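Got a minute to look at one helix and what packs against it? Have the sequence and the model open, and let's go through it together.

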Amino acid sequence: MREKLAKYEQIRQDIIHKIESMEYRPNQVIPSENELCASYGVSRITVRKAIDELVHEGLLYRIKGKGSFVRDHGSEGLSRIYSFTEAILHQGKTPSKKLLSLKVEEADADIRRRMGLEEGEEVYVIKSIYYADGRPYCINTSILPRKLFPKLELFDFNHNSLYEVLKSFYQLSFTKARQILNATVGSSEIYGYLETEQNQPLLRINAASFCLYHDNETVFEIYESYILTDILSYYVEKYNT
């Protein structure tokens, strides 16, 4: 005689069935915990256990304040955005970088809004210049929550990759990045760092990078980059299936 499944396992399997049947589609929010409690006639603890299992299995992800979503595995590996260093290497040039500053500041209202931080929380502000064959081509400012990466200021980012430190030391689980690209001109300060003429066209990237933190998808970095396009053509590789 088959052993009866625990309630949370029944819910887990039912959600999996709905994902496989496309009733719950990729990146769609599933019903809230309260709605699932009412639907299955169980406690919130039971529903939460089922969802926790699915998050750990990589079938769902959480966004704080918004709910649980179906992870889109179909797009994984279809598009790859290359880092600045990878893009320079792809062009057969030698990459290097220089750390201009690493400061700890209190997050302002805009940063708090974009990163889901509370008033009074601090962030790291890291400004760097990237070089190709010794020529500056990009100035980048990254902002990261201090609470996620304590003692980050102890690392030497002239010689260490920020993302490598985040992955190896802080066990960062990177999930995705959202980027907005615009053609623009820079300030006199930016042109000074890039050692180029005023009003030369630049590519500006405003981005947010996401990771899994306590099983919730969280913004761990926002950054702004100004790039000289005569040195670096921004490189994205897409694959067909």
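**Helix H2 and its surroundings**

In this predicted model, the buried residues of H2 are Glu 33, Leu 36 and Cys 37.

Q: Within what arc do the buried residues of H2 fall, seen down the axis?
A: An α-helix has 3.6 residues a turn, so residues three or four places apart point the same way. The buried residues of H2 line one face of the helix, because seen down its axis they fall within an arc of 105°.

Q: Which exposed residues sit on the face of H2 turned away from its buried side?
A: The buried side holds Glu 33, Leu 36 and Cys 37. Turned away from that side, the other face carries Asn 34, Ala 38 and Ser 39.

Q: Is Glu 33 buried or exposed, and what is its relative accessible area?
A: Glu 33 belongs to helix H2, which spans residues 33-40. The cut-off for buried is under 20% relative accessible area. Glu 33 therefore counts as buried, with a value of 17%.

Q: Which side chain is joined to that of Glu 33 by a polar contact of 2.8 Å?
A: Leaving aside neighbours within four places in sequence, Glu 33 touches Arg 44, Val 47, Arg 48 and Ile 51. Its side chain has a polar contact of 3.3 Å with that of Arg 44. The polar contact of 2.8 Å is with the side chain of Arg 48.

Q: What helix is included in the cover over the buried residues of H2?
A: Just after H2 comes Gly 41, with a positive phi of about 65°. As for the cover over the buried residues of H2, it includes residues 44-56, that is, helix H3.

Key: Residues are numbered from 1 along each chain as its sequence is written. This is a predicted model: local features need pLDDT of at least 70, side-chain atom pairs count only at pLDDT 80 or more; totals for chains, interfaces and linings use all residues. Side-chain values use heavy atoms; hydrogens and water are left out. Helices (H or I, at least four residues) and strands (E, at least two) are DSSP runs, numbered from the N terminus. Buried means under 20% relative accessible area, exposed over 50%, partly exposed in between (1.4 Å probe, protein chains only). A polar contact is a pair of N or O atoms within 3.5 Å; within protein, one must be able to donate a hydrogen and the other to accept it, and residues adjacent in sequence count only if both atoms are side-chain atoms. Contact means heavy atoms within 4.5 Å. The arc is that of the directions from the helix axis to the C-beta atoms.
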